[in-house]
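Please open the structure in your viewer and keep the selection tool at hand. The tour below moves from one selection to the next and says what can be found at each stop.

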Amino acid sequence: MTLGTIGTHHHHSSAITMPPTAIHATAVEHPAVTLPSKFLPERPANPTAFFYFDIDGTVYSHSRGVLDEMRDLIETYFARHLNLSRDEAIRLHKQYYSQYGLSVRGLLKHHSADPVDYDRNVDQALNLPKYVHSDPELRAMLQRLRPDIVRWTFTNAGVHHARRVLDLVGISDVFHGMTYCDYTRPNFSCKPEPEFYEQAMAESAYARAGVPIYFADDNLPNLTAAKKRGWTTIWVDVERRSHADADFTIADLKELPSILPHLFV
């Protein structure tokens, strides 16, 4: 689950960081989709920190409705594409989600599904404007992050869904880029797999050991994987639960300045 400056794929990566003229190059597999958002033009030359942000459930709060609608779209797709009963589709969806982290990975791995068709009928079919709304306070908070910090979105969503969310929230242009799940790549990685964290670091040009990394996500296993890499972890959890792998817990991303005031101006 993106901005005047957006990107092309480098070495089969799934980052977005290049100029607006490259927008259509990134969207060739979805020629009917327009991607009007834009990233910040340049990352800091000598970053003092990197801040990775999950998108779904982090930059906006998951409501029961959006989760239910997404699940229904996935199970409908499974049933239709694989000619399954509803009960069989539900079971297989749960199995693949448990086994592969994302149910679409099982669909692509075992059933030769068309990733473009899946994206069009599931991710792009979700009625996001019903659940995701503009958040000027969040935008203002993110813009207060120090200018020498790289701000990067890091999501298990596909690029079109992720960018729709950022545009709806109104924060597309406060980030330097994005690492997302590229459904069109065979055996694509996702959180919490170590390869995906390495991909995010490479695509955001993390190059100097010792520069601190911060990571906000609503999913605890994703934070556990980050903690193992030495990242500072922020659990966005409406229940404000605590865990050894979460350095901080906040109920809303807008609370960041209260726990990390030194990162803001």
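## Around helix H2

Begin by selecting helix H2 together with helix H4 (residues 103-111), whose axes come within 11 Å of each other and cross at roughly 10°. That angle makes H2 roughly parallel to H4. To see the contact itself, show the side chains of Ile74, Tyr77, Phe78, His81 and Leu82 in H2, and then those of Ser103, Leu107 and His111 in H4. By class, the residues of this contact of H2 with H4 comprise five nonpolar and three polar ones, with no charged residue. As you look, bear in mind that this is a predicted model.

Keep H2 (residues 64-82) selected and add helix H5 (residues 115-123), which packs against H2 at an angle of about 140°, the two axes lying 9 Å apart. H2 is therefore oblique to H5. The crossing in which H2 passes H5 is right-handed. On the H2 side, select Met70, Leu73, Ile74, Tyr77 and Arg80, which meet Asp117, Tyr118, Asn121, Val122 and Asp123 of H5. The contact of H2 with H5 has six nonpolar residues, one polar residue and three charged residues.

From H2, follow the chain into the loop that leads to helix H3 (86-100), where asparagine 83 has its place. Phi of asparagine 83 is near 55°, which is a positive value in a residue other than glycine. With a relative accessibility of 70%, asparagine 83 counts as exposed.

## Strand E3 and the loop after it

Next select threonine 153, which lies in strand E3, and which counts as buried at 0% relative accessibility. If neighbours within four places in sequence are left aside, the contacts of threonine 153 are Phe53, Ile55, Leu166, Phe175, Gly177, Met178 and Thr179.

Move on to asparagine 156, in the loop between strand E3 (149-154) and helix H7 (159-169). Asparagine 156 also counts as buried, its relative accessibility being 16%. Select aspartate 54 as well, and set a distance between the two C-alpha atoms: asparagine 156 and aspartate 54 are 102 residues apart in sequence, yet 8.1 Å apart in space.

## The two cysteines

Now display cysteine 181 and cysteine 190. Why is there no bond between their sulfurs? The sulfur of cysteine 181 is 5.1 Å from that of cysteine 190, its closest cysteine sulfur, and this is too far for a bond. Cysteine 190 is accordingly in no disulfide, and a search of the whole structure finds zero disulfides. Cysteine 181 is buried, with a relative accessible area of 2%, and cysteine 190 is buried as well, with a value of 1%.

## Two backbone stops on either side of helix H8

Select lysine 191 and proline 192, and look along the backbone, where the peptide bond from lysine 191 to proline 192 is cis, with omega near 5°. Proline 192 has its place in the loop between strand E4 (177-179) and helix H8 (194-203).

Finish with alanine 205, which is found in the loop between H8 and strand E5 (213-217). Phi of alanine 205 is near 65°, again a positive value in a residue other than glycine. Alanine 205 is partly exposed, with a relative accessible area of 36%.

Notes: Residues numbered from 1 in each chain as written. Predicted model: local features only at pLDDT ≥ 70, side-chain atom pairs only at ≥ 80, totals over all residues. Heavy atoms only, no water. Axes fitted to C-alpha atoms, helices over the stretch in contact; angles between N-to-C directions. Helix = DSSP H or I, 4+ residues; strand = E, 2+ residues; numbered from the N terminus. Parallel < 35°, antiparallel > 145°, perpendicular 65-115°, else oblique. Left-handed = near helix turned anticlockwise from the far one by under 90°. Contact = heavy atoms within 4.5 Å. Nonpolar A, V, L, I, M, F, W, Y, C, P; charged D, E, K, R; others polar. Disulfide = S-S within 2.5 Å. Buried < 20%, exposed > 50% of the residue type's maximum accessible area, 1.4 Å probe, protein only.
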